[in-house]
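Here are a few exercises to work through at your own pace. Keep the viewer open and try each task before reading its solution.

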Amino acid sequence: EVNGKQWYQRRVRGPPPMSQTESWVTGSLVRIKLRNFVTYDAVEVSTGCHLNIIIGPNGTGKSTIVCALCLGLGGKTNLLGRAREIAEFIKHGRDKALIEIELFNKEGPNYVVQRTITNDNKSDWKINRRTATTKEVLELTRKLN
């Protein structure tokens, strides 16, 4: 629920069908999931393999999704001009936030990068459910660029 209005989400049901994967490029954004991040309690957004845009009325969380993409792939808060500390991206009244980003991989299982942010300005990282470091996340994003 955002500003008293209910917003619906598409749920990911696995990777795109094989007939559609020819258009996907390794590193393409497949989905992003957020929990207790800025304006969202919980949201999951699926994308397509071509041009994706985020549209909606003011105050519906478009820039929140962009912030999550940046921070969820290893970007620093100073790139966004929104907050100095990573903990400021946790929804008010919550003690942690989660960003999960799935990136297409033509060579095997998709990459899933997860960042859990805590109130003490710390982050825990995972790549494909395995504990990772910020450096490993940045190396993956460089590799996929």
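Buried means a relative accessible area under 20%. Keep that cut-off at hand, and bear in mind that this is a predicted model.

**Exercise 1. Rings that pair**

Find how many aromatic pairs the whole structure holds, and describe the one formed by Trp24 and Phe104.

*Solution.* Step one: a search of the whole structure gives two aromatic pairs. Step two: Trp24 and Phe104 form a tilted pair, with 5.5 Å centre to centre and 40° between the planes. Planes under 30 degrees apart would count as stacked and over 60 as edge-to-face, so an angle of 40° falls into the tilted class. Step three: Trp24 sits in the loop between helix H1 (18-21) and E1, while Phe104 sits in the loop between E3 and E4, so this pair ties together parts that are 80 residues apart in sequence. Step four: Trp24 has a relative accessible area of 4% and is therefore buried; Phe104, at 5%, is buried too.

**Exercise 2. The second pair**

Work out how the rings of Phe37 and Phe89 are arranged.

*Solution.* Step one: Phe37 and Phe89 form a stacked pair, 5.8 Å centre to centre with 15° between the planes. Step two: the pair links distant parts of the chain, since Phe37 belongs to strand E1 and Phe89 to the loop between H2 and E3, 52 residues apart. Step three: Phe37 is buried at 0% relative accessibility, and Phe89 is buried at 1%.

**Exercise 3. Reading the sheet**

Give the strand order of the sheet and name the strands at its edges.

*Solution.* Step one: six strands make an open, antiparallel sheet in the order E2-E1-E3-E4-E5-E6. Step two: E2 (40-46) and E6 (130-132) each have a single partner strand, so one side of each lacks a neighbour in the sheet. Step three: from one strand to the next, the twist averages 15°. Step four: helix H2 (residues 62-72) lies across E1, E2, E3, E4 and E5, and runs at about 105° to E1.

**Exercise 4. Around Thr116**

Place Thr116 in its strand and decide whether this residue is buried or exposed.

*Solution.* Step one: Thr116 is in strand E4 (residues 111-118). Step two: E4 pairs with E5 (residues 123-127) in the antiparallel sense over five bridges; Arg115, for instance, has Trp125 in E5 as its bridge partner. Step three: the relative accessible area of Thr116 is 16%, so Thr116 is buried. Step four: beyond four places away in sequence, Thr116 touches residues including Lys96, Leu98 and Ser123.

Conventions:
Residues numbered from 1 in each chain as written. Predicted model: local features only at pLDDT ≥ 70, side-chain atom pairs only at ≥ 80, totals over all residues. Heavy atoms only, no water. Helix = DSSP H or I, 4+ residues; strand = E, 2+ residues; numbered from the N terminus. Buried < 20%, exposed > 50% of the residue type's maximum accessible area, 1.4 Å probe, protein only. Contact = heavy atoms within 4.5 Å. Pairing = 2+ DSSP bridges. Axes fitted to C-alpha atoms, helices over the stretch in contact; angles between N-to-C directions. Phe/Tyr/Trp six-rings, centres within 6.5 Å; stacked < 30°, edge-to-face > 60°.
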